[in-house]
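The exercises below ask you to read a fold step by step, from its elements to its cores, sheet and pocket. Please work through each task with the model open before turning to its solution.

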Amino acid sequence: MSKKGSRPSLVLASAILLAAEAVQAASPSLRLTGFDAGALDRARTGAVRRLQDGECRKVFSDFTDADGRTLQQNLDEWAPSPADYVALVPFLDGTSQKPCRRSNIALVAQPGVRRVYVCKAFADVQLKQPGVAESMVIHEILHTLGLGENPPTSFEITQRVEARCR
């Protein structure tokens, strides 16, 4: 029997498979491959692990969308837990995305759009700073739930994730 609030790993594995199938159905050219796919898998697994902690999950209540709803309220409409939601969001090859052409951009998401583009810089970040890559995944997940930027700044968002999700 699992503890209250924890999800069986079978549910999480199923959600990850469903997200992978959604990516494959969308377009073969958007699938991550090779080192990029491995880097994302490691970072997403670490982000999911961090989100098992109650203090980390509070980050979804720390921010609101443009309508004043907390990201936790938006999350509640999509998944039973943040970890399950992370598994449901497709992470796609961002090579063709304009922001990914900048060397300092690793992940790209738009507020309220449930997908994240992975730029070439991400694999290097994950290799050199795996904890930072995990925080970046959580940061972008917040955007998919409606969080905009400026305000808060990208730096402020990442700082909050780092403070909550150690």
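## Exercise 1: The largest pocket

By class, 8 nonpolar, 5 polar and 3 charged residues make up the lining of the largest pocket. The model is a predicted one.

Task: state how much space lies in the largest pocket, and find which residues are closest to its centre and which elements line it.

Solution. Begin with the volume: about 390 Å³ of space lies in this pocket. Next, consider the 16 lining residues, of which L107, H139, E140, E149 and S154 are the closest to the centre. Then assign the lining to elements, where β2, α8 and α9 each give two or more residues. Finally, rank the contributions: α8 gives the most, with 5 residues.

## Exercise 2: The order of elements

Task: describe the make-up of the chain and the order in which its helices and strands occur.

Solution. Count the elements to start with, which gives 9 helices and 3 strands. Reading from the N terminus, the order is α-α-α-α-α-α-β-β-β-α-α-α. Turning to burial, 45% of the 166 residues in the chain are buried. As a last step, take the contacts between residues at least 6 apart in sequence, and note that 66% of them join residues at least 24 apart.

## Exercise 3: The sheet

Task: determine the strand order in the sheet, and explain why β1 and β2 each have one side without a neighbour.

Solution. The 3 strands form an open sheet in the order β1-β3-β2, with mixed pairing. Because β1 and β2 (107-108) stand at the edges and each has a single partner strand, one side of each is left without a neighbour in the sheet. In general, the strands of a sheet pair through backbone hydrogen bonds, in either a parallel or an antiparallel sense. Here β2 and β3 pair in the antiparallel sense, over 2 bridges, and V108 stands opposite Y117 in β3.

## Exercise 4: The nonpolar cores

Task: identify the residues with the most contacts inside the largest nonpolar core, and trace which elements supply that core.

Solution. The largest core has 37 residues, and those with the most contacts inside it are F60, F91, F122, V137, I138, I141 and L142. Elements that each supply at least two residues of this core include α2 (34-50), α7 (121-128), α8 (130-144) and α9 (154-164), together with the strand β3 (116-118). The largest share, 6 residues, comes from α8. A second, separate core has 7 residues, among them L30, C100, I105 and C119. To examine one member of the largest core, take L142, which, leaving out residues up to four places away in sequence, touches V59, F60, F63, L71, L147, I157 and V161.

## Exercise 5: Two residues compared

Task: decide whether V89 is buried or exposed, make the corresponding decision for H143, and place each residue in the chain.

Solution. V89 lies in the loop between α6 (82-88) and β1 (91-93). With a relative accessible area of 1%, V89 is buried, because the cut-off for that class is under 20%. The C-alpha atoms of V89 and T144 are separated by 8.3 Å, although these residues are 55 residues apart along the chain. H143, by contrast, is found in helix α8, and its relative accessible area of 3% makes it buried. Setting aside neighbours within four places in sequence, H143 is in contact with A109, Q110, P111, G112, G148, E149 and I157.

Key: Residues numbered from 1 in each chain as written. Predicted model: local features only at pLDDT ≥ 70, side-chain atom pairs only at ≥ 80, totals over all residues. Heavy atoms only, no water. Helix = DSSP H or I, 4+ residues; strand = E, 2+ residues; numbered from the N terminus. Buried < 20%, exposed > 50% of the residue type's maximum accessible area, 1.4 Å probe, protein only. Core = buried A, V, L, I, M, F, W, Y, C linked by side-chain atoms within 4.5 Å. Contact = heavy atoms within 4.5 Å. Pairing = 2+ DSSP bridges. 1 Å grid on protein atoms, 1.4 Å probe; cavity = no way out; pocket = protein on both sides within 12 Å on 5 of 7 lines; lining within 4 Å. Points joined across faces, edges and corners; volume = space filled by probe spheres on them. Nonpolar A, V, L, I, M, F, W, Y, C, P; charged D, E, K, R; others polar.
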